[in-house]
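User: I'm new to this one and would like a guided look. Please start with a single part, seen up close, and then walk me through what surrounds the story.

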Amino acid sequence: MSQTIKHRRGSVASVRNITSFGEAEIVIGSGSVDGKVDGPIVYIGKPGGSTAANDYAPISKIYTGAGLPAMTTANYGTTLDGLPYYDSTNKKLYILNAHSDGTSGHSQILITSESMSNFNTVVSASVAADGFGAGIFEELSATLYKADGKNLQITGSSSTALDVSQSIKAHNINVGVPTSNDWGSNLDGSYFNNFTKDTDVSEVLRFVAGLLSSSAANPTTNTKTYSSISENKSNTGTGTAPAGHVPQGNSIADITYLVDKGFAAEGGTLFPGKTIYNNAGYAISYTSVAGGSTSVNSSADAQLFGLGALSSGNASQFQVKGTHAFRFNNNNSGTQTETSASTVTLTQNSFGTSNGLTVAKINTVNPAVIPAAFQDGKFVSVFSENIMGWTTEANTSVSASGTYILDTTVGIKTGSQAAFVDKTASETIFWAPVSNIDSNIGTNTLASNGEGVTGVTLTSGSLSGAPYISGGTWKLVATASGLFAPMYAASTTLVDVTIGSTSGYTITNTAGTDTLSTSGGSIQTSGMVTSADGNTARNSGTPVRNDLVEVDATYTISGTGDTFVEARTGGDTSYTLTLKGRNRNSSQSTLDTQTVNLHTAGAFGQPASSGSMAYYGGGNQSSALDERFTNETYRRIIST
């Protein structure tokens, strides 16, 4: 029966999708399977078959590739099942079979005594050909193999029958024959007399171990553990916020920035409630803290903790890894604006201290005989990090003001330990370049104008023709400026008038206002603060930066004074009114001083020839009957 051979084009993966299956049809598939089985692959349609996915059988060579190919039934059906394949990476032979997961359907070809005819004969012949049986080995049976009741006997022509360059792992071995005194010789009364040449070495060693156990204490580990980390801080200096309260209409860039970020408000101070760190070198390093207790360690250092077993008597590797996560909030609402992270690992491979890491050997009580088995260690002042220096902001700019957060994880690992044991610490500070901000804000320029004192009233009298002042009032007016720009102090005497010292009388403010209070940061005195144009009075609340302070006060003289003669000869004829103001640092300075004469010759209807009058408050009447010469009430009148 003749058959038409069709040549179908396409990849190996497309064979399963042939639409019309043909018995005995030859199909040639190109490409590769999982990059390992390279085509072409020749298929023949199975007689009686019906589907392309299952009834095209591969007819080809043994294919070779590095590793097992992934053949899924979803991609190939069973069109490649039965294909021989050699894995050159693992040097294994397989029969390929597709599976849903790609590889588990493949069957490895294993050659065993059951699968190879005359396996034992062939192996025995090979052993004999290599010298076994004709050399030091004596054949005990037809074949050389280990079986119960059969021993391998080794003989030699010299005293050494077996020379092994590597170690021997045996269930046991006898103690043998001494070359000097044999077992049982000169050992009467000793337990050693129980031993013979056939006694197992393990029995002798166990007996000796029992004798020495009290003087051969087992090496013990330091049971203290890595408990936590302590922070070592440096350059932790703090500063104070720039002095003053923020006025309305502020025009200073640094103040505007801080108000916008929530670090200040009109009528309030800068950075209220903040502890402000201002050293750009603020840094933190970390030291391990040991926890628990122990009576075993390498030295008297209480901070050493156990680091496991030694490595063949040498130090096991000690690793310490520091991971730092930085956060910066340039606002008072807690919104995160910058982040950064870093990781550094330190390693100590020998006993001693390096880069802050210490590894020490824990010696036994008898180190000359019993070797050390364990180590301990610690770390001190590692991973020093500047808590605020990592940001993109220049540390001299107001924009560097904000909350700096440093989250640190320090982990340790030693020997064959798989994972790091981590401990954490976190530090949060508020940092600002307060000295730079203070300089940028500047100082107040205090001034006054329109100062003047006028006499309002004057009461006078005379005694024996000598005039004197017995009462009077004077009015002071002045305008102070610069008190609120760039900022202002919270003071009960932001502006006040000081009355100079007097002798023989007292001057007091009896009307008007001459003292401005801004206690708490707001205007507390009515009738003194006005807008720069004078049209708006501010009797409370927060002042505007260019507001003025108006002083309008009346002062009154009083006092009982001395005798008239003393008043005329020793009393003051003038006093001073000094206008003062405070800058934002609350430092007080003099704005103006007015000297007030009690009387100007010729004023208030007194003759100019009387000169300037002095103050006398003793009055012209007395209730005393004896003559005191304080006035003329009881003066005798002599008629002419």
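Analyst: Let's start at residues 143-149, where the pLDDT stays under 50; pLDDT is the predictor's own confidence in each residue, on a scale from 0 to 100. For that stretch, the model has six contacts beyond four places in sequence, a contact being heavy atoms within 4.5 Å. What you're looking at is a predicted model, where local features need a pLDDT of at least 70, side-chain atom pairs count only at 80 or more, and totals for chains, interfaces and linings use all residues. Residues are numbered from 1 along each chain as its sequence is written, and side-chain values use heavy atoms, leaving out hydrogens and water.

How does that fit the chain as a whole? The average pLDDT is 86, and 83% of the residues score at least 70. Residues 133-137 also fall below 50, with seven contacts in the model beyond near neighbours in sequence.

Now for the sheets. Strands (E, at least two residues) and helices (H or I, at least four) are DSSP runs numbered from the N terminus, and two strands pair if DSSP finds at least two bridges between them. Strands of a sheet pair through backbone hydrogen bonds, either parallel or antiparallel. One open sheet has six strands in the order E11-E12-E22-E21-E15-E16, with mixed pairing. Its edges are E11 (238-239) and E16 (338-348), each pairing on one side only. Inside that order, E21 and E22 (residues 421-431) run antiparallel over 11 bridges, with Leu406 opposite Glu427 of E22.

Thr403 is a good residue to click on here: it belongs to E21 (residues 402-414). Thr403 counts as buried because its relative accessibility is 17%; buried means under 20% relative accessible area, exposed over 50%, and partly exposed in between, using a 1.4 Å probe and protein chains only. Leaving out neighbours within four places in sequence, Thr403 touches Arg327, Phe328, Asn329, Thr428, Ile429 and Phe430.

Two loops tied to strands of that sheet hold backbone oddities. Asn235 sits between E10 (225-234) and E11 and has a positive phi of about 55° although it isn't a glycine; at 40% relative accessible area, Asn235 is partly exposed. Ser312, in the loop between E14 (305-309) and E15 (318-329), also has a positive phi, near 55°. With 77% relative accessibility, Ser312 counts as exposed.

Next, a hairpin: E7 (residues 84-87) and E8 (residues 92-95) run antiparallel and are joined by four bridges, one of which puts Pro84 with Ile95. Four residues lie between the two strands, and Lys91 in the turn has a positive phi of about 55°. E8 also pairs antiparallel with E9 (residues 107-108) over two bridges, where Tyr94 partners Gln108.

For a helix, try H5 (residues 253-260), in which Asp254, Ile255, Tyr257 and Leu258 are buried. Viewed down the axis, they fall within an arc of 160°, so they line one face of H5; the arc is taken from the directions running from the helix axis to the C-beta atoms. Those buried residues pack against helix H6 (434-441), while the face turned away carries exposed Ala253 and Asp260. Just past H5, Gly262 takes a positive phi of about 85°.

Further along, E25-E30-E31 is the order of an open antiparallel sheet of three strands, edged by E25 (495-499) and E31 (588-597). E30 (residues 574-582) and E31 share nine bridges, including Thr578 with Thr593.

These strands feed the largest nonpolar core, which has 32 residues, and Leu516 and Tyr575 are among those touching the most other members. A nonpolar core is a set of buried Ala, Val, Leu, Ile, Met, Phe, Trp, Tyr and Cys residues joined through side-chain atoms within 4.5 Å. E24 (466-481), E25, E29 (548-558), E30 and E31 each give two or more residues to this core. A second, separate core of 31 residues includes Tyr286 and Leu346.

One last stop: the loop between E24 and E25 holds Pro486, which a cis peptide bond joins to Ala485, with omega about 5°.
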